Amino acid sequence: MKHAEALARLRLARGEGIGPQTFRKLLDRFGGAEAALGALSRHPDRYRPAEADEAAREWDATDRLGGRFLFLGQPGYPALLATIPDAPPVLSCLGYEEAFAPKAVAIVGARNATLAGRRIAEILARDLAREGLCVVSGLARGIDAAAHEGAISGAGPTIAAVAGGLDKPYPPENAPLQARILERGGAVITEAPLGTAPLARHFPRRNRLVAGLSLGIVIVEAMAKSGTLITARLGLEYGREIFAIPGHPLEPRARGPNDLLRQGARLTETAADILEHLPEAPSDAPLFSARHLPDQPPEAPPEASGAPPDTLQIIELLGTDAVSVDDLARRCQLSVPELRAILLDLELEGRVQTLSGNRVARA
């Protein structure tokens with residue numbers, strides 16, 4: 001039976017104008033997705049959650065496919081992925097949650113990989129799997145497919161993060177590989193709804209999953225400008241260790257890893273090079289949880305003319321130049337949690353915008 005709160009989370013995650021960070025803020029402010037939906041109903045032009053029947057249809061279709069949903073902050077969600085700042089609110093998953101091991105390594109690279117590149121990817125994945133590590137990749141042609149194959153041959157789990165829906169294996173010729181991943185205790189995950197075609201614009205989001213699921217990222221072959229290097233960049237932003245396989249200077253597909261080596265990536269030739277420098281897994285402490293507020297309907301957002309004094313004070317202090325939330329809290333003599341609750345209400349009304357670096361400005 002579908003839980004009402006779980007369906008509400010799916011509606012939020014599939015809604016327009018509700019990204020990962022807004023999702024977190026809403027759950028933190030209102031204590032749950034159902035309460036957040038009630039608050040958003042007053043702002044239909046700015047936030048549009050998915051319709052209830054649409055979410056129910058996706059839930060049923062995913063269940064018929066043998067899949068399930070994993071929600072951020074709930075049991076079963078990959079712990080490593082939950083540590084990144086833009087962790088997806090919901091994942092669609094086929095396979096086994098046990099594959100989300102505390103120690104996982106991503107192996108990625110060019111689709112049009114050389115035979116040598118595919119061979120080294122397969123060997124690394126096999127040897128890492130034999131050491132008990134999970135291998136993560138993107139199920140693409142070339143290096144990705146070789147990494148999954150190597151992990152399977154090493155009798156270890158492997159995770160495929162895909163750009164489209166669970167019902168759209170891509171590329172089509174890798175559908176049998178996807179089936180073998182599931183047969184061998186692995187998993188296939190995506191943040192895309194069922195029926196989503198894997199278009200070019202979806203792959204950077206897929207790359208973020210690959211980086212977030214892993215403690216380290218191994219770049220085997222990549223052109224100087226490629227999606228593979230997006231995964232490496234994201235890994236650096238998330239504090240992951242970057243490994244690179246050196247290549248011949250005259251081989252264009254060696255430009256990417258060679259450039260990474262110049263920038264400080266770990267030179268890698270064998271699995272031992274990875275194991276020696278792989279960081280420890282994060283602790284088992286909860287990585288995200290909503291702040292549960294009293295079980296009551298959220299207050300209606302105030303109008304400017306009749307707003308509470310604290311809200312009026314914040315509106316008066318804010319301008320179009322961004323200021324630190326901490327500085328604003330000191331000026332208002334409010335606690336940071338109290339201030340954030342008011343700022344979220346104003347953001348939902350479209351009167352305030354949250355910026356990077358814990359800053360805020362009038363919209």
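Trainee: In which helix do D259 and R262 both lie?

Mentor: This is a predicted model, in which local features need pLDDT of at least 70 and side-chain atom pairs count only at pLDDT 80 or more, while totals for chains, interfaces and linings use all residues. Residues are numbered from 1 along each chain as its sequence is written, and side-chain values use heavy atoms, leaving out hydrogens and water. Helices (H or I, at least four residues) and strands (E, at least two) are DSSP runs, numbered from the N terminus. D259 and R262 are 3 residues apart, about one turn of the helix, and both belong to α10.

Trainee: How far apart are the closest N and O atoms of D259 and R262?

Mentor: Side chains of opposite charge can pair when their charged atoms come close. A salt bridge needs a side-chain nitrogen of Lys or Arg within 4 Å of a carboxyl oxygen of Asp or Glu. D259 and R262 form one, with their closest N and O atoms apart by 2.3 Å.

Trainee: Is R262 buried or exposed?

Mentor: Buried means under 20% relative accessible area, exposed over 50%, and partly exposed in between (1.4 Å probe, protein chains only). D259 has 24%, so D259 is partly exposed. R262 has 66% relative accessibility, so R262 counts as exposed.

Trainee: Which residue forms a salt bridge with E191 across 3.1 Å?

Mentor: E191 lies in the loop between β6 and α8, and its partner lies in helix α8, so the pair ties together parts that are 14 residues apart in sequence. E191 counts as buried because its relative accessibility is 11%. The partner has 44%, so it counts as partly exposed. With the closest N and O atoms 3.1 Å apart, that partner is R205.

Trainee: Which strands are the edge strands of the sheet?

Mentor: Two strands pair if DSSP finds at least two bridges between them. The 9 strands form an open sheet with mixed pairing, in the order β1-β2-β6-β5-β4-β3-β7-β8-β9. An edge strand pairs on one side only, and here those are β1 (68-71) and β9 (266-267).

Trainee: Which helix gives the most to the largest nonpolar core?

Mentor: A nonpolar core is a set of buried Ala, Val, Leu, Ile, Met, Phe, Trp, Tyr and Cys residues joined through side-chain atoms within 4.5 Å. The largest has 60 residues, of which I107, I189 and V218 touch the most other members. With 6 residues, the top contributor is helix α5.
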